[in-house]
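Please open the model in the viewer and keep the sequence panel at hand. The tour below proceeds by selections, each followed by what is to be found there.

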Amino acid sequence: SGNPTAPSVFPLVPCCTKTGNAPLDTSLACLVTGYLPSPVEIKWNSGKVTQGVTTFPEVTVSNGRFTQSSLLIIPARPRQGDTYQFRHSQSFPRFSSDAMSCCVSNCNQHPLEVSLLPPSLEDLYIAQNASIRCLVSGMETPGSLEVSWNRGSGGPLAVVSRDPVLQEDGTYSVTSILPVCVEEWQAGEEFTCTMKHQDFPSAIVKTIRKMVSLRAPSVYISPPHTEELALQESATITSLASGFRPRDILVTWTQQDRPVPQEAYTNVGPVREAGKKERYFIYSKVNVLASKWERGGHLRLRASGKPTVVNVSVILSDTDVTCY
């Protein structure tokens, strides 16, 4: 009895929340409500999906019409982008069989991040012991991680893999280290890191090679100010390296061919130059005792970029600046 009424259909998808570290199952639901007459039949993906499906008994609402729902439980770690479609069919012929779709998203609150880190300039120019690092972070379960490397020349690789590290947010990070010869890196050889993990349906590939220096720095050294020297305490030598790109640069000092300790000098920058696209500058200052400045000697600045090296020396107790 009553006027035939088409149902309203609603997809019910989960919100991405979780407690604890265990992977979550994903629940999708289909609500078919307000229809008359009864019954309706609800199928997932035209009946192809039956495992994990629970269809609840039909109930009558206050206006005399009917409501029914169906629940689909998808096992933990669904692949991002998987689509499930539910369709209801009604015995009353006036109403068509409608279909609605909902997409399973990856509810990992900490998406995976893959970073490929080049050798530091300190490793290249000072330690002469370079390595490339592939950092994978944001993993809830690191056990299924696979990291592999290859190089453009196809030569052998000696990879060092670190154990997973538990972070404060409950996720894990893993670092894979590829030692490389300084000459290989300077020659521009290409290295590729490939990451496979169950959170992603396809591999993530990152490639790195040495950036070609497009512009070498111009380096200038300024001797201590006469008012500072008059205090007979310390002498401050400042340096400006400007106009270089890319921004990666290493500035160090040597005195009498011996490295000046890092705590004895300060670098400020690099900073992008105003009004000049992709050009940078850096300031450096080093302090020596006023007595050492008066005794004389050589203090040398080394500004090392990729692959340019600029040496500038100042003769202590003199204002002449020599570049070579």
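Of the 324 residues in the protein, 35% are buried. The model is a predicted one. With the whole protein selected, the secondary structure comprises four helices and 25 strands. The accessible surface amounts to about 18100 Å², and carbon and sulfur atoms account for 51% of that surface. Among contacts between residues at least 6 apart in sequence, 59% join residues at least 24 apart.

**Strand E2 and its partners**

Select residues 26-35, which form strand E2. Seven of the 10 residues in E2 are buried, so the strand is largely enclosed by the rest of the structure. Cys30 is buried, with a relative accessible area of 1%.

Add strand E1, residues 8-12, to the selection: E1 pairs with E2 in the antiparallel sense through five bridges. In this pairing, Ser8 stands opposite Thr33 of E2. Next add strand E6, residues 66-74, which is antiparallel to E2 and joined to E2 by nine bridges. Here Leu31 faces Ser69 in E6.

**The disulfide**

Now show the cysteine side chains. How many disulfides does a search of the whole structure find? The search finds one. The bond joins Cys134 to Cys193, with an S to S distance of 2.5 Å. The angle about the S-S bond is -80°, and the link of Cys134 and Cys193 is left-handed. Cys134 belongs to strand E10 (residues 130-139) and Cys193 to strand E15 (residues 191-196), so the disulfide ties together parts that are 59 residues apart in sequence.

Are the two cysteines of this pair, Cys134 and Cys193, buried or exposed? Cys134 has a relative accessibility of 1%; because buried means under 20%, Cys134 counts as buried. Cys193 is likewise buried, at 1% relative accessibility. Cys181, by contrast, is partly exposed, with a relative accessible area of 42%.

**The sheet that contains E15**

Keep E15 selected and add strands E11 and E16. These three strands form an open, antiparallel sheet in the order E11-E15-E16. E11 and E16 are the edge strands, each pairing on one side only. From one strand to the next, the twist averages 20°. E15 and E16 run antiparallel and are joined by five bridges. Cys193 stands opposite Lys206 in E16.

**The largest nonpolar core**

Select Leu116, Leu124, Ile132, Trp149, Phe191 and Met195. These residues have the most contacts inside the largest nonpolar core, which has 24 residues. The elements that give two or more residues to this core are strand E9 (113-117), helix H1 (121-127), E10, strand E14 (172-180), helix H2 (182-186), E15 and strand E16 (204-208). E10 gives the most, with five residues. Apart from this core lies another, of 19 residues, among them Val251, Val260, Leu299 and Leu301.

Return to Trp149 and display its surroundings. Leaving aside neighbours within four places in sequence, Trp149 is in contact with residues including Leu116, Ile132, Leu157, Val159 and Leu178. Both cysteines of the disulfide, Cys134 and Cys193, are also in contact with Trp149.

**The loop at Gly152**

Select Gly152, which lies in the loop between strand E11 (146-151) and strand E12 (160-161). Gly152 is exposed, with a relative accessible area of 62%. Which residues does Gly152 contact, leaving aside its neighbours within four places in sequence? They are Glu189 and Glu190. The C-alpha atoms of Gly152 and Phe191 are separated by 6.3 Å, although these residues are 39 apart along the chain.

**A four-stranded sheet**

For the last stop, select strands E17, E18, E22 and E21. They form an open sheet in that order, with antiparallel pairing. Strand E17 (218-222) and strand E21 (265-272) stand at the edges, each with a single partner strand, so one side of each is left without a neighbour in the sheet. The twist averages 15° from one strand to the next.

Finally, restrict the view to E17 and strand E18, residues 234-244. The two run antiparallel and are joined by five bridges. Ser222 has Thr238 of E18 as its bridge partner.

Conventions:
Residues numbered from 1 in each chain as written. Predicted model: local features only at pLDDT ≥ 70, side-chain atom pairs only at ≥ 80, totals over all residues. Heavy atoms only, no water. Pairing = 2+ DSSP bridges. Axes fitted to C-alpha atoms, helices over the stretch in contact; angles between N-to-C directions. Disulfide = S-S within 2.5 Å. Buried < 20%, exposed > 50% of the residue type's maximum accessible area, 1.4 Å probe, protein only. Core = buried A, V, L, I, M, F, W, Y, C linked by side-chain atoms within 4.5 Å. Contact = heavy atoms within 4.5 Å. Areas by Shrake-Rupley, 256 points an atom, 1.4 Å probe, with all protein chains shown as cover.
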